[in-house]
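Open the model in your viewer and keep the selection panel at hand. The stops below go from a pair of strands to the ligands, then to a further group of strands.

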Amino acid sequence: MDTKSLASLAAESDYDPNSMPVAKAREYIRSFLMPVTAIERLHIRAALGRVLAEDIRSTMNVPLDDNSAMDGYAVRFADLKADGPVTLTVIGASFAGKPFGGQAGAGHAVRIMTGGVLPSGCDTVVMQERVTVAGDRVTVPSGQQKAQNVRYAGDDIKRDAVVFARGQILRPAELGMIASLGIGEVSVYRKLRVAFFSTGDELAAIGQTLGAGQLYDSNRYTIYGMLSRLGVDAIDMGTIRDDPAAIEAAFSEASRAADVVITSGGVSVGEADFVKQILDRLGEVLFWKIAMKPGRPLAYGKIGGAHFFGLPGNPVSVMVTFYQFVQQALLLLMGGADAGSVPMLKAVCTTPIKKAPGRTEFQRGILTQEPDGQWTVRVTGDQGSGILSSMSRANCFIVLPDGQGNTPAGAMVDVQLLEGLI
Ligand code: AMP
Ligand code: MG
């Protein structure tokens, strides 16, 4: 990936730091991301959540042999009749892990269990529920299909196939697939180190008694949670006072310790100026007003070798900007292939929503299934950027695009789920 200098952005004709569309900010950030390159070998279990640094190629067919998908009888389709039953002689059995060693000839059937290797000479499996058995004789009715209930060698994975490409994130299904190839160790990119701290004189740590106008620093905990879910090394650098020397020291230390530095607070109008002065000394940082709600102020840049994301202070803004800008950036820095944008679903919104055109809104929503099966969504209530309980009550974002104005009850809206299944 080629990177350009942050300063060169200012020369672009449509660059406006004071009214930056969400999509444009994402695009700019992406153009500066250089993924980690260091690699480590890990046992597949330890590789869960990590990013593959090699292609995984199959040296075998999975399954290895043609086998049965059902408990029943392996037969030769040519022996069966279209217009009536046929009685065959059972000459042996094929169990999972214990194949039938012989050869089936005309008039023969082999008892077979799910996963049992299809005996030589047979091409079709008849479910046991369909047949009648008397001693070593089995009667098969008409109406069977050739090759039914047979799973073929390589049905899941073909020999020599590139099963996973470099950049694949390893989830439970991928661990299982790699294990099914008999591979126990993989090369993955090293973990990303992400340092984070909060800024604000009003912030108190858990355990301290709150003075007038103070509040507990909750952002460090939501950020910790979001980072931990991504599987990065999260380095908590604490709460830093709004004091230039303390902030400068924190930025220097964080940028030396980590690949990415994330802060909350200190980028809003009035606060940004002195933070900006510090960051101008230490690196190259852009301050944007994003055309979105919540989460208008956002800073992005480089401090030494580290990427920097300056998130707003308000607790909901922190989470929204993390999910909309930081998460995808971290996945790319971790070496992950571009997963594209997060899926959006359509749902009927049962509450009216007031909105001014010209910015993207991420309202907190509750998506529920109605008795008739239809999915509807409603807002969680107060959408203030300080109402963190709205994030906790929500199971989705209601995403209202730039051009959209007020939304009446009953309109279709886009929603983005907060939780995935895997
Ligand atoms: P700021 O962006 O620094 O002006 O912060 C905006 C508001 O967000 C502050 O007035 C606080 O109420 C709140 N806030 C800032 N930092 C935190 C934090 N770490 N935890 C909880 N709330 C915060
Ligand atoms: Mg502040």
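Select Y300 and look across to strand 21, where F309 stands opposite. The two strands here are strand 20 (residues 297-303) and strand 21 (residues 306-311), antiparallel and joined by five bridges. Strands count as paired if DSSP finds at least two bridges between them; strands (E, at least two residues) and helices (H or I, at least four) are DSSP runs, numbered from the N terminus. This is a predicted model, in which local features need pLDDT of at least 70 and side-chain atom pairs pLDDT 80 or more, while totals for chains, interfaces and linings use all residues. Residues are numbered from 1 along each chain as its sequence is written, chains are lettered from A and ligands numbered from 1 in the order written, and side-chain values use heavy atoms, without hydrogens and water.

Next, show the whole sheet. It is open, with six strands in the order 16-13-17-21-20-18 and mixed pairing. Strand 16 (233-240) and strand 18 (283-289) are the edges, each pairing on one side only. Neighbouring strands are turned by 15° against each other on average, direction ignored; axes are lines fitted to C-alpha atoms, for helices over the stretch in contact, and angles run from 0 to 180 degrees between N-to-C directions.

Add helix 3 (residues 219-230), which packs on the sheet and touches strand 13 (193-199), strand 16 and strand 17, at about 165° to strand 13. Contact means heavy atoms within 4.5 Å. Helix 4 (residues 244-257) lies across strands 13, 16, 17, 20 and 21, at about 175° to strand 16.

Now select ligand 1. It is surrounded by 16 residues, the closest being D217, G266, S268, E271 and G313; a residue counts if one of its heavy atoms lies within 4 Å. A polar side-chain atom of D217 is 2.7 Å from a ligand nitrogen. The side chain of S268 has an N or O atom 2.9 Å from a ligand oxygen.

Which residue provides the protein donors of the magnesium ion (ligand 2)? E271 does, with two OE entries lying 2.6 Å from the ion. Donors are N, O and S atoms within 2.8 Å of the metal (3.2 Å for Na, K and Ca), and water is not among the atoms, so sites may look incomplete. E271 sits in the loop between strand 17 (260-264) and helix 5 (272-282).

Finally, go to V377 in strand 24, which has C349 opposite and also L367 opposite. Strand 24 (residues 375-379) pairs with strand 22 (residues 345-349) in the parallel sense over two bridges, and with strand 23 (residues 360-369) in the antiparallel sense over five.

Key: Polar contact = N/O pair within 3.5 Å; in protein donor to acceptor, adjacent residues only side chain to side chain.
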